[in-house]
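User: I would like to learn how to read packing in a helical model. Can we work through one case?

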Amino acid sequence: ATYHNTLNMVLSRYNIPVYLSGTEDILSKNVITTVLSAIDAAVEGYGQEDVLRYLRSALSPLSMDDCDRLENYAILWNISGNRWNTNWENHPNGLNNDWTESDKEYLNALNLARKTALDPLFLLGKSLRNAINLQQMVEAVYVFLDEIQLNMRLQAFAEQLSRAGDFRDGQVLSQLWEILLSALEQLEDMLGDTHWDDKTFTRLLKLLLSQYD
């Protein structure tokens, strides 16, 4: 591990492929951070920083350009909480600007991107709050993962890495998906009939995931 970064840099510079085995903390990995940042945003009331962290995650449902546009508008008009879930009507360039057809088209596209990214997130938050036991909370997360098509985008990402010769990271992505599903199944099997609030559920999930390499 001491020579990992240096070795990887030098071999990459000379186009020499290398496979580095070992274990890593998964809480910082893209699959896990995408899911946990989404749950945090839903549980903590859709604060601006929490939502933008989710939208900026590696497996965000939006393109980087759409993320930039949403972030600019959210900062300009201080969007947070339920305002993420209401139709945006303010001028994208701020106060004292005349509306043009281009501005209206831009805002319509912005609202479409907002709904695409955040409708599943608001459904997740509502389902977690209304759950009567932990089993329903786990089911809410499954529905969210399906809504954002995380597994499909994950497979496409892994294939892209493999085509570029990065076989290890492609394999790691697949392992992370299986670990996430295993953790959810463990929570459901052990505590499915018990009742927890949404914040405690989040802490339990993070604690369980932190035990995996």
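User: Which residues does Leu-55 touch, not counting residues up to four places away in sequence?

Analyst: First, the ground rules. This is a predicted model, where local features need pLDDT of at least 70, side-chain atom pairs count only at pLDDT 80 or more, and totals for chains, interfaces and linings use all residues. Residues are numbered from 1 along each chain as its sequence is written, and side-chain values use heavy atoms, with hydrogens and water left out. Contact means heavy atoms within 4.5 Å. Leu-55 touches Ser-60, Leu-62, Cys-67, Leu-70, Ala-117 and Leu-118 beyond that sequence window.

User: Which residues touch the most other members of the largest nonpolar core?

Analyst: A nonpolar core joins buried Ala, Val, Leu, Ile, Met, Phe, Trp, Tyr and Cys residues through side-chain atoms within 4.5 Å. Buried is under 20% relative accessible area, exposed over 50%, partly exposed in between (1.4 Å probe, protein chains only). Here the largest core has 62 residues; Leu-55, Trp-84, Leu-121, Leu-124 and Leu-145 touch the most other members. Its largest share, 10 residues, comes from α8.

User: Which residues of α7 are buried?

Analyst: Helices are DSSP runs (H or I, at least four residues), numbered from the N terminus. An α-helix has 3.6 residues a turn, so residues three or four places apart point the same way. In α7, the buried set is Leu-150, Leu-154, Ala-158 and Leu-161. They share one side of α7, because their arc is only 70 degrees around the axis, taken from the directions from the helix axis to the C-beta atoms. Met-152 and Arg-163 are exposed on the other side.

User: What do the buried residues of α7 pack against?

Analyst: They pack against α2, α6 and α8.

Notes:
Helix = DSSP H or I, 4+ residues; strand = E, 2+ residues; numbered from the N terminus.
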